[in-house]
Amino acid sequence: KDFEIRVLVHELLDGTFALGRGQPGCLGIEWRRSPKLKFDSSKVNFRLELPVGVRYLGSNFADRKTERSETRADGGTVVRFRLRKGRGVSPGFNAHRMFGLILETDRANGPIGEGRLAVELKGRELGCTKPIRFLAVDPVRTAAVPESYANGISVGAGVDGLYFDYEDDALVGRCARTLADAGCMWVLDHPLPAARDALRKAGVRKLLCETGRVSNGYHIGNMETAPANERFVPWRDKGGGGFGRTYVTNSACPTSVYREKPFFRTASVKWIGDFLKGYDGMWGNWEPSMFGGGCVCESCRDEFARYADLPAAELAKVWPKGIYEPGSRYAKKHTEFLSWQHGQVIRTLDRLVRSKTGGKDSLGFMPGMGWLEVSSWWRPHNHAAEWLVKDYADDLEWIEPWGPYDAWERDSPWVYEKRKPLAVFRAAKDMRRTVDAD
């Protein structure tokens with residue numbers, strides 16, 4: 001196909017989109033184009049057909065200047081618009097940048113009718129029209145909020161406010177109110193200032209921010225401008241993975257962070273502090289495998305000598321090649337050292353985040369690591385020995401084991417698995433037991 005649309009999550013169920021009466025509802029959209037189809041994204045026209053009783057309020061991908069609405073003979077509505085600048089069409093579905101159409105109804109409970117979403121290019125429909133059945137339901141409101149845990153959501157972490165970018169402050173406020181009415185107590189995102197203020201006004205208690213510039217162990221701050229003695233130096237045969245070596249070398253040496261060296265203490269602390277304004281803490285995507293083997297700069301060599309109580313002159317003779325040779329007598333201790341260093345970095349980040357976001361009332365720094373890292377299964381198959389959770393979790397208020405990516409299964413053929421609810425329950429029990437033991 002030249003162009004494909006998915007209407008989520010309704011398309012994966014029975015194609016029915018339920019709208020709470022009097023509340024804005026977000027109809028999720030993904031798209032992709034054939035790599036062979038070459039076109040200017042700004043020339044793509046979207047056509048949204050709505051039945052009587054459903055009203056279009058806005059979206060985070062429409063160019064508002066191009067929106068046109070007309071009433072059909074049957075009383076329904078047709079809305080046309082083009083893509084907003086920066087909302088391109090890639091060759092693949094992107095689960096991390098899902099777009100949304102904001103709709104509402106005032107109808108009584110029951111079926112409303114059917115609509116359609118189509119895409120046109122140069123007057124030609126691209127063959128990806130999606131039918132959408134609409135259903136009116138009672139407004140979504142929680143009867144009570146939890147007392148023993150905080151119920152919250154992540155809305156597009158890392159996409160710079162995309163999910164609240166409706167270019168309409170009043171609409172942002174209504175969407176924030178709907179989240180709060182549904183029992184949402186905290187939100188993880190990097191929203192626009194208007195959205196952040198609206199969420200607080202609506203009653204969302206805590207806001208966490210996320211940035212790729214504090215992630216994956218050592219990708220901290222804008223290190224491209226840092227002096228060489230504060231940048232991460234990978235061992236020549238290690239580091240980078242699928243991210244590439246430049247990603248690693250534009251990251252922070254662990255000692256730059258936990259020794260709070262000049263560049264970190266000034267430039268990085270200021271940058272992180274500015275980013276944290278208006279928030280109650282920070283979450284970081286924490287998958288540091290691209291930093292495998294650790295930093296091999298002179299500062300880390302000297303730190304390892306002190307940690308392992310080794311003569312500096314002896315270590316200098318074998319560093320770094322001798323650390324990684326098969327059978328090296330330094331290997332086990334060096335792995336322990338790397339996990340200790342990583343723990344020191346996280347503790348430093350937690351202190352920094354708390355100092356900028358409310359002190360004792362802050363959520364602090366919350367690393368989001370793969371859930372398997374806090375399961376018993378990981379013990380005999382430990383691929384995270386350089387970043388052990390037990391080497392820092394005692395000093396944090398929160399950690400956030402997560403995964404797997406829902407997009408992996410969503411892009412695969414659907415198969416009913418009766419065991420899945422039990423598997424999730426058993427995994428959760430195992431994680432709780434393992435964390436307690438650690």
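This is a short tour of the structure, stop by stop, with something to select at each one. Keep in mind that you're looking at a predicted model.

**Stop 1: the big core.** Select Val187, Leu199, Ile220, Met282 and Phe365, the residues with the most contacts inside the largest nonpolar core, which has 61 residues. Now colour helices H1 (169-181), H2 (193-202), H3 (245-249), H4 (254-258), H5 (262-275) and H9, since each of them supplies at least two residues of this core. Which helix gives the largest share? That's H1, with 6 residues. Next, zoom in on leucine 199: leaving aside residues up to four places away in sequence, leucine 199 touches Phe164, Ala176, Leu179, Val187, Val204 and Leu207. There's also a second, separate core of 34 residues, and you can find it by selecting Leu50, Ile112, Leu117 and Cys128, which are among its members.

**Stop 2: leucine 83.** Go to the loop between strand E7 (77-82) and strand E8 (99-105), where leucine 83 lies. Is leucine 83 buried or exposed? Its relative accessible area is 4%, and under 20% counts as buried, so leucine 83 is buried. Show its contacts beyond four places in sequence and you'll get Trp31, Ser41, Val44, Phe46, Phe61, Asp63 and Val89.

**Stop 3: helix H9 and its partner.** Select residues 331-356 to light up H9, a helix of 26 residues that reaches 38 Å from its first C-alpha to its last. Just after H9, click on glycine 358, which takes a positive phi of about 105°. Then add H6 (residues 298-308), which packs against H9 at an angle of about 110°, with the axes 10 Å apart. That angle makes the two helices roughly perpendicular. To see the contact, show Cys300, Glu303, Phe304, Tyr307 and Ala308 in H6 along with Lys333, His334, Glu336, Phe337, Trp340 and Gln341 in H9. By class, this contact has 6 nonpolar, 2 polar and 3 charged residues.

**Stop 4: backbone oddities.** Most residues other than glycine have a negative phi, and most peptide bonds are trans. Start with glutamate 167, in the loop between strand E12 (152-154) and H1, where phi is positive, near 55°. Glutamate 167 is partly exposed, at 49% relative accessible area. Then hop to glutamate 260, in the loop between H4 and H5. Phi is positive there too, near 50°, and glutamate 260 is partly exposed at 33%. Finish at proline 320, in the loop between helix H7 (312-318) and helix H8 (321-324). A cis peptide bond joins tryptophan 319 to proline 320, with omega about -10°.

Notes:
Residues are numbered from 1 along each chain as its sequence is written. This is a predicted model: local features need pLDDT of at least 70, side-chain atom pairs count only at pLDDT 80 or more; totals for chains, interfaces and linings use all residues. Side-chain values use heavy atoms; hydrogens and water are left out. Helices (H or I, at least four residues) and strands (E, at least two) are DSSP runs, numbered from the N terminus. Buried means under 20% relative accessible area, exposed over 50%, partly exposed in between (1.4 Å probe, protein chains only). Contact means heavy atoms within 4.5 Å. The expected span of a helix is 1.5 Å times one less than its number of residues. Axes are lines fitted to C-alpha atoms, for helices over the stretch in contact, and angles run from 0 to 180 degrees between N-to-C directions. Angles under 35 degrees count as roughly parallel, over 145 as roughly antiparallel, 65 to 115 as roughly perpendicular and the rest as oblique. Ala, Val, Leu, Ile, Met, Phe, Trp, Tyr, Cys and Pro count as nonpolar, Asp, Glu, Lys and Arg as charged, and the others, Gly among them, as polar. A nonpolar core is a set of buried Ala, Val, Leu, Ile, Met, Phe, Trp, Tyr and Cys residues joined through side-chain atoms within 4.5 Å.
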